[in-house]
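These are notes on the model, set out as numbered points. Please read them alongside the sequence and the coordinates.

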Amino acid sequence: MHIRGSLSQSEIESLLEETVVPIRLACRTPAGTLWMLSLWFRYRDGTIQCATAADADIVSFLDEDVRSRERDHGHVAFEVSTNEPPYRGVRGNGTATVDPDPQKDVLRALLERYLGTTESDFGRWLLRDDRREVTLTIDPAVVSGWDFTDRMASATDP
């Protein structure tokens, strides 16, 4: 992972581990246009993991990217940033792979991370037996981090 911006690799990793907002993920569609979506994520062992339905558009777009370019991964761009001032975040690009998750392990972990439980109506709906789930694993190539805490100090004072 090549680091740019004002944050160190350890600061970027801490931000990705601690920030609980959806990641904004972009890829190309088969028509060559850009597609962006938000997904829950977790940072593990230098990668970003997301869960989604096996029939989600992002899965078919990444699959087409792989097939049309004869490679084993799709190219993506991403951003994770706080929604309230002072703004901090990470953006970058890298490659993504899609793997089946029949036990929904990543989804379960993400439900715990974002909702604190798998036992909500929404959690049970996502975890239902007939839903096929996959894990998107993003391997960041270039990452840029920023933290506007100092710059925005006066903007956040009451």
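1. Aspartate 45 lies in the loop that connects strand 4 and strand 5. The model is a predicted one. Aspartate 45 is not a glycine, yet it has a positive phi of about 50°. Most residues other than glycine have a negative phi, and most peptide bonds are trans. With a relative accessibility of 81%, aspartate 45 counts as exposed, because the cut-off for exposed is over 50%.

2. The strands on either side of aspartate 45 form a hairpin, strand 4 with strand 5, and 2 residues lie between them. The two strands run antiparallel and are joined by 4 bridges. One pairing to check is that of phenylalanine 41, whose bridge partner in strand 5 is cysteine 50.

3. Lysine 104 also deserves a look. Lysine 104 is not a glycine but has a positive phi of about 60°. Its place is the loop between strand 7 and helix 3. Is lysine 104 buried or exposed? At 6% relative accessibility, lysine 104 counts as buried, because buried means under 20%. Lysine 104 is among the residues that arginine 131 touches.

4. Helix 3 covers residues 105-115, and its buried residues are Val106, Leu107, Leu110, Leu111 and Tyr114. Seen down the helix axis, these buried residues fall within an arc of 140°, so they line one face of helix 3. An α-helix has 3.6 residues a turn, so residues three or four places apart point the same way. The cover over the buried residues of helix 3 includes strand 4 (41-44), strand 5 (47-53), helix 4 (121-126) and strand 8. Just after helix 3, glycine 116 takes a positive phi of about 85°.

5. Which residues line the largest pocket? The lining consists of Leu39, Trp40, Ala51, Thr52, Ala53, Leu107, Leu110, Phe122, Trp125, Leu126, Arg131 and Glu133. Strand 5, helix 3 and helix 4 are the elements that give two or more residues to this lining. The volume of the largest pocket is about 200 Å³. By class, its lining has 9 nonpolar, 1 polar and 2 charged residues.

6. Arginine 131 is one of the residues that line the largest pocket. Arginine 131 sits in the loop between helix 4 and strand 8. Its relative accessible area is 15%, and arginine 131 is therefore buried, the limit being under 20%. Leaving out residues up to four places away in sequence, arginine 131 touches Thr52, Ala53, Lys104, Leu107, Trp125 and Leu126. Among these contacts, Thr52, Ala53, Leu107, Trp125 and Leu126 also appear in the pocket lining.

7. Threonine 137 belongs to strand 8, which spans residues 133-147. Threonine 137 is buried at a relative accessible area of 17%. Apart from residues up to four places away in sequence, threonine 137 touches Thr47, Ile48, Gln49, Thr95, Ala96 and Thr97.

8. The loop between strand 6 (74-81) and strand 7 (88-100) holds proline 86. What is the geometry of the peptide bond from proline 85 to proline 86? That bond is cis, with omega near 0°.

9. Strand 2 (residues 23-28) and strand 3 (residues 34-39) pair in the antiparallel sense over 6 bridges. Arginine 28 stands opposite leucine 34 in strand 3. The hairpin of strand 2 and strand 3 has 5 residues between the strands, and glycine 32 in this hairpin takes a positive phi near 90°.

10. Toward the start of the chain, helix 1 covers residues 9-18 and includes glutamine 9. Ile12, Leu15 and Leu16 are buried in helix 1. These buried residues fall within an arc of 95° as seen down the helix axis, so they line one face of helix 1.

11. Glutamine 9 itself counts as partly exposed, at 37% relative accessibility. Aside from its neighbours within four places in sequence, glutamine 9 is in contact with Met1 and Ile3. The C-alpha atoms of glutamine 9 and methionine 36 are separated by 25 Å, and the two residues are 27 residues apart along the chain.

Terms used
Residues numbered from 1 in each chain as written. Predicted model: local features only at pLDDT ≥ 70, side-chain atom pairs only at ≥ 80, totals over all residues. Heavy atoms only, no water. Buried < 20%, exposed > 50% of the residue type's maximum accessible area, 1.4 Å probe, protein only. Contact = heavy atoms within 4.5 Å. Arc of directions from axis to C-beta. Pairing = 2+ DSSP bridges. 1 Å grid on protein atoms, 1.4 Å probe; cavity = no way out; pocket = protein on both sides within 12 Å on 5 of 7 lines; lining within 4 Å. Points joined across faces, edges and corners; volume = space filled by probe spheres on them. Nonpolar A, V, L, I, M, F, W, Y, C, P; charged D, E, K, R; others polar.
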